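Please look through the structure shown below, and follow the account of how its helices, strands and charged side chains are arranged.

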Amino acid sequence: MKNTTTKIIILVFLFSVFGITLTNFDCIRTEEKFPKSISEKIDHHIKKYVEKDHYQGTVIVAKEGKAIHKSAYGYSNREEKIKNTIETQFLIGSLTKSFVAVTVMQLVEKEILDLHAPIQSYIPNLKNELSEHLTLHILLKHQSGLSPHLERITNFENKDVSSQEIIQIINTSSLSFSPSTQYQYSNLNYTLSAIAVENATGKNFADVLQEYTFDPLQMNNSGVERIANRPKNRAKGYHKKAFGIENDENIVSYALGSGDIYSTVEDLLKWDQALYQNTLLSNKSKALLFKGENSEFGNYGYGFRIHEYQRGRNKGKKGILTRHGGTMDGFMSNLHRYTDDRLTVIILGNIRPFPIRNMTFELKEIALGLEANERNRTKFE
């Protein structure tokens with residue numbers, strides 16, 4: 001009993017001399033719960049979007065081609081409570097356009113396609129009033145004057161439509177301005193580019209992608225979706241509405257070349273890294289791919305928007321960001337390539353809307369060693 005009393009007196013003395021209190025110990029324990037590594041900080045930040053915006057999907061952040069964070073969130077099937085995993089496949093929406101642009105450039109290198117040949121050379125049944133002044137270059141740059149969306153000129157049926165049926169629908173439309181004089185983002189530009197690929201090769205779009213990109217890069221979880229061949233591991237798409245979250249998906253055959261690819265974050269990282277090498281394209285072709293226009297013409301290259309971005313601390317000079325994203329019924333995607341830092345942020349989600357651009361910027365900031373909201377997003381990021 002005497003020894004116990006002595007120990008208590010010593011502890012009280014130490015607490016009083018060194019200012020140590022039980023509250024201090026509680027603070028130490030609380031601080032230990034805070035994330036320390038970059039991956040933990042990224043995960044901690046994404047979970048805020050899960051709680052606030054019901055985000056569900058997969059994320060990969062990579063430096064020099066190596067993942068510094070890779071994780072899945074929420075459900076791939078909310079009704080059956082099936083969770084997303086890294087292997088879950090997602091429709092990537094307009095990020096499909098970047099794949100079309102790369103494929104076109106691969107065929108240009110093989111002299112199967114010509115960027116500046118009349119589009120009539122490849123799509124003879126496109127009516128003259130539309131095709132007369134169009135080229136692949138104009139289509140890839142979104143300078144055609146074609147209608148922005150196919151749904152503006154037709155009603156979608158719940159079926160797989162063919163390329164020829166799509167041409168017949170496009171032939172009912174007209175141009176809103178003379179080609180190459182203005183910029184107007186249009187899904188039809190990339191649908192026609194994909195059909196040109198098909199006609200020039202004598203193969204369907206899915207088979208060309210498989211041969212030229214998916215097989216060489218071993219992108220084994222990627223492909224082109226149709227109702228007849230929906231991938232087994234593809235997440236269901238959802239839309240947040242006033243009275244809850246509902247299932248919501250596109251009929252993707254109408255999005256030929258503009259939003260019909262599905263993939264995973266790991267497959268997309270393989271593709272991203274191949275664009276740093278000469279695996280898919282030569283340096284000459286990549287220079288055209290990433291040659292962005294001015295802001296009046298959408299900062300658009302071929303299948304990518306090209307911007308500046310804010311680099312890390314003590315990096316005065318801004319870097320070059322090459323990016324594209326996608327939004328469609330039930331899905332959102334973003335792939336940002338911060339090229340001067342060899343940093344890649346890829347976000348796939350099977351719910352919309354959520355602030356995917358803000359989330360991308362903030363994950364980039366954390367990866368560069370800053371706090372998520374230490375700086376504001378600029379107009380170019």
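In this predicted model, helix α4 (residues 96–109) packs against helix α8 (residues 187–201), the two axes lying 10 Å apart and making an angle of about 35°. The crossing of α4 over α8 is left-handed. On the α4 side the contact is made by Lys97, Val100, Ala101, Thr103, Val104 and Leu107, which meet Asn187, Tyr190, Ser193, Ala194, Val197 and Thr201 of α8. Sorted by character, the residues of this contact of α4 with α8 comprise seven that are nonpolar, four that are polar and one that is charged.

These two helices belong to a protein chain whose secondary structure amounts to 12 helices and 14 strands. The C-alpha trace of the chain spans about 105 × 50 × 35 Å along its principal axes, and of the 381 residues in the chain, 52% are buried. If one takes the contacts between residues at least 6 apart in sequence, 66% of them join residues at least 24 apart.

Turning to the strands, six of them form an open sheet in the order β2-β1-β13-β12-β11-β10, with antiparallel pairing. The edges of this sheet are β2 and β10, each of which pairs on one side only, and from one strand to the next the twist averages 15°. Two helices can be placed in relation to this sheet. Helix α3 (residues 38–53) packs on the sheet and touches β1 and β2, its direction making about 30° with that of β2. Helix α12 (residues 356–367) also packs on the sheet, where it touches β1, β2, β10, β11, β12 and β13 (343–349), and its direction makes about 35° with that of β12.

Within the sheet, strand β1 (residues 57–63) and strand β2 (residues 66–73) run antiparallel and are joined by seven bridges, Ala62 having Ala67 in β2 as its bridge partner. The two strands form a hairpin with two residues between them, and in the turn Glu64 has a positive phi of about 55°. Toward the other edge, β10 pairs with strand β11 (residues 319–328) in the antiparallel sense over five bridges, and Arg305 stands opposite Arg323 in β11. Why can β10 be described as largely enclosed by the rest of the structure? Four of the five residues of this strand (residues 305–309) are buried, that is, they have under 20% relative accessible area, and therefore the strand is largely enclosed.

A second open sheet consists of three strands in the order β5-β9-β6, again with antiparallel pairing. Because β5 (90–91) and β6 (223–224) stand at the edges with a single partner strand each, one side of each is left without a neighbour in the sheet. The pairing of β5 with strand β9 (residues 261–263) is antiparallel and extends over two bridges, with Phe90 standing opposite Ser263 in β9.

The charged side chains add a further set of links, for the structure holds 18 salt bridges. In one of these, Arg337 and Asp272 have their closest N and O atoms 2.6 Å apart. Since Arg337 lies in strand β12 (residues 331–338) and Asp272 in helix α10 (residues 265–274), this pair ties together parts that are 65 residues apart in sequence. Both Arg337 and Asp272 are buried.

Another salt bridge joins Arg234 to Glu249, with the closest N and O atoms 3.1 Å apart. Arg234 lies in the loop between β6 and β7 (238–241), whereas Glu249 lies in the loop between β8 (244–247) and β9, so the pair ties together parts that are 15 residues apart in sequence. Are these two partners buried or exposed? Arg234 has a relative accessible area of 6% and is therefore buried, while Glu249, at 25% relative accessibility, counts as partly exposed. Salt bridges that share partners join Arg234 and Glu249 with Glu225 and Arg230 into one network.

A further salt bridge is formed by Glu165 with Lys159, where the closest N and O atoms are 3.5 Å apart. Here Glu165, at 29% relative accessibility, counts as partly exposed, and Lys159, at 31% relative accessibility, likewise counts as partly exposed.

Conventions:
Residues are numbered from 1 along each chain as its sequence is written. This is a predicted model: local features need pLDDT of at least 70, side-chain atom pairs count only at pLDDT 80 or more; totals for chains, interfaces and linings use all residues. Side-chain values use heavy atoms; hydrogens and water are left out. Buried means under 20% relative accessible area, exposed over 50%, partly exposed in between (1.4 Å probe, protein chains only). Two strands pair if DSSP finds at least two bridges between them. A salt bridge is a side-chain nitrogen of Lys or Arg within 4 Å of a carboxyl oxygen of Asp or Glu. Axes are lines fitted to C-alpha atoms, for helices over the stretch in contact, and angles run from 0 to 180 degrees between N-to-C directions. A crossing is left-handed if the near helix is turned anticlockwise from the far one by less than a right angle, and right-handed if clockwise. Contact means heavy atoms within 4.5 Å. Ala, Val, Leu, Ile, Met, Phe, Trp, Tyr, Cys and Pro count as nonpolar, Asp, Glu, Lys and Arg as charged, and the others, Gly among them, as polar.
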